[in-house]
Amino acid sequence: ARPVRRCGASLASNYSQTSEIVHLDWENLGFGLVQTDYMYIAKCGQDGKFCKGELVPFGPIALNPSSGVLNYGQGLFEGLKAYRKPDESILLFRPEENALRMQTGAERMCMPAPSVEQFVDAVKQTVLANKRWVPPTGKGSLYIRPLLMGSGAVLGLAPAPEYTFIIFVSPVGNYFKEGLAPINLIVEDKFHRATPGGTGCVKTIGNYASVLMAQKIAKEQGYSDVLYLDAVHKKYLEEVSSCNIFVVKGNVISTPAIKGTILPGITRKSIIDVAVSKGFQVEERLVSVDELLDADEVFCTGTAVVVSPVGSITYQGKRVEYGHQGVGVVSQLLYTSLTSLQMGQTEDWMGWTMQL
Ligand code: COI
């Protein structure tokens, strides 16, 4: 195990708070930041070792204007959720997967990453310190946002000399303003999210900044979000700005294969396993945009969006509709199977949850 350096006194054992759930309008949460009590912070110097992190009151951080993250986008983020069970215990969903994905992304971005143990321990500490912000059962979840950034100063283009690992949390409800109703997508044929050899397969902050323009235009036109095509053939589905995509035809569920330009979603991977366990045939392959024309259902997956049914997709001016604006049976089945497991409403037959 890596030796850990202590940055300061940890507040983990002496933070003060009541355990009573905060009063919020839980019915209308949406996906906006609600500031909570504490955040976790750990730094890593040139020796590549992270110090033992600490919980500090949530608030602004000081960054050198010359930091790697501000100047050259050397940063990554993760997203995972915690749910409150009726017995008041808290469930985390596959936090080690986020830790491992952060490590893969950090390697690509020339950054050191916390160990899986430190990552998971930090997530647990942050959630427990903010326990009163975890929504009541059935009213949403606590979204956990780990960040890893080059916080040290650079001027010439180079990896930063210091890194900061932060975790903050926010109670959230549905990601799309449509709630659980089907969303309307437009296929983007001018802008691309990722190119072969680029960073599309890691959760670097720049991937998300680069889709804002297409998303803004799409929203102005009344669409919920943008579906990207591959940059080489402009023919194969990649992903939506913030989530992966699945196409259902009969008993076969297809999704673009992970091949360097697509984010390997943890919800994507979980839905594949759930679908297989329910008897569906799942194909990870090149999925042509033409297949949208005769699909029975289309849905998106992601930590934030969970499983979001797609009601229509517009491509080159042509609109295809699915499920008569209702939720398709396959999307509904997979949504229910996954969320009941995440919320502890059914037995965790996959061994994916971690109880706090
Ligand atoms: C997530 O689903 O957790 C993400 O990171 C997507 C983000 C754009 C909200």
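Author: Let's start with a term we'll need a lot: a residue is buried if 20 or more other C-beta atoms lie within 10 Å of its own, exposed if 12 or fewer, and partly exposed in between, with C-beta atoms placed from the backbone. Keep in mind that this is a predicted model, where local features need pLDDT of at least 70, side-chain atom pairs count only at pLDDT 80 or more, and totals for chains, interfaces and linings use all residues. Residues are numbered from 1 along each chain as its sequence is written.

Reader: Okay, let me try that on E321: is E321 buried, exposed or partly exposed?

Author: E321 is partly exposed, because 13 other C-beta atoms lie within 10 Å. You'll find E321 in strand β18, residues 318-321. Helices (H or I, at least four residues) and strands (E, at least two) are DSSP runs, numbered from the N terminus.

Reader: And which residues does E321 touch, not counting those up to four places away in sequence?

Author: Two residues count as in contact if their C-beta atoms, placed from the backbone, lie within 7 Å. For E321, those are G311 and S312. Look at V310 too: V310 and E321 are 11 residues apart along the chain, and their C-alpha atoms are separated by 8.4 Å.

Reader: What about residues much further apart in sequence? How far apart are the C-alpha atoms of S67 and A153?

Author: They are separated by 4.1 Å, with their positions 86 residues apart along the chain. S67 sits in the loop between β4 (54-57) and α1 (68-72). Since S67 has 23 other C-beta atoms within 10 Å, S67 is buried. Leaving out residues up to four places away in sequence, S67 touches G150, S151, G152, A153 and A160.

Reader: Then take A129 and F176: how far apart are they in space?

Author: From C-alpha to C-alpha, A129 and F176 are 28 Å apart, and 47 residues apart in sequence. A129 belongs to helix α3, and A129 counts as buried because of its 22 C-beta neighbours inside 10 Å. Another pair to try is S115 and P161, which are 46 residues apart in sequence and 19 Å apart in space, C-alpha to C-alpha. S115 is in the loop between α2 and α3, and with 15 other C-beta atoms within 10 Å, S115 is partly exposed.

Reader: Now the backbone angles. What is unusual to look for in the phi of R94?

Author: Look at the sign: R94 has a positive phi of about 50 degrees although R94 is not a glycine. R94 lies in the loop between β7 (90-93) and α2 (95-108). R94 is buried, as 21 other C-beta atoms lie within 10 Å. C110 also isn't a glycine, and has a positive phi of about 55 degrees. C110 is in the loop between α2 and α3 (116-129), and counts as exposed because C110 has 12 C-beta neighbours inside 10 Å.

Reader: How do I read two helices that pack together?

Author: Two packed helices are described by the angle between their axes and the distance between the axes. Here, α6 (residues 266-277) and α7 (residues 329-342) pack at about 110 degrees, with axes 10 Å apart. Axes are lines fitted to C-alpha atoms, for helices over the stretch in contact, and angles run from 0 to 180 degrees between N-to-C directions. So α6 is roughly perpendicular to α7; angles under 35 degrees count as roughly parallel, over 145 as roughly antiparallel, 65 to 115 as roughly perpendicular and the rest as oblique.

Reader: Which residues make the contact?

Author: S270, I271, V274 and A275 of α6 meet L334, S337 and L338 of α7.

Reader: Last one: where is K203, the residue with a UniProt annotation?

Author: K203 is in the loop between β10 (183-188) and α4 (205-209). The unreviewed UniProt entry annotates K203 as "modified residue: N6-(pyridoxal phosphate)lysine"; such annotations may be inferred rather than shown by experiment, feature names are shortened, and positions are given in the numbering used here. K203 counts as buried, because 24 C-beta neighbours lie inside 10 Å. Leaving aside neighbours within four places in sequence, K203 is in contact with L76, F77, E78, R101, G105 and L263.
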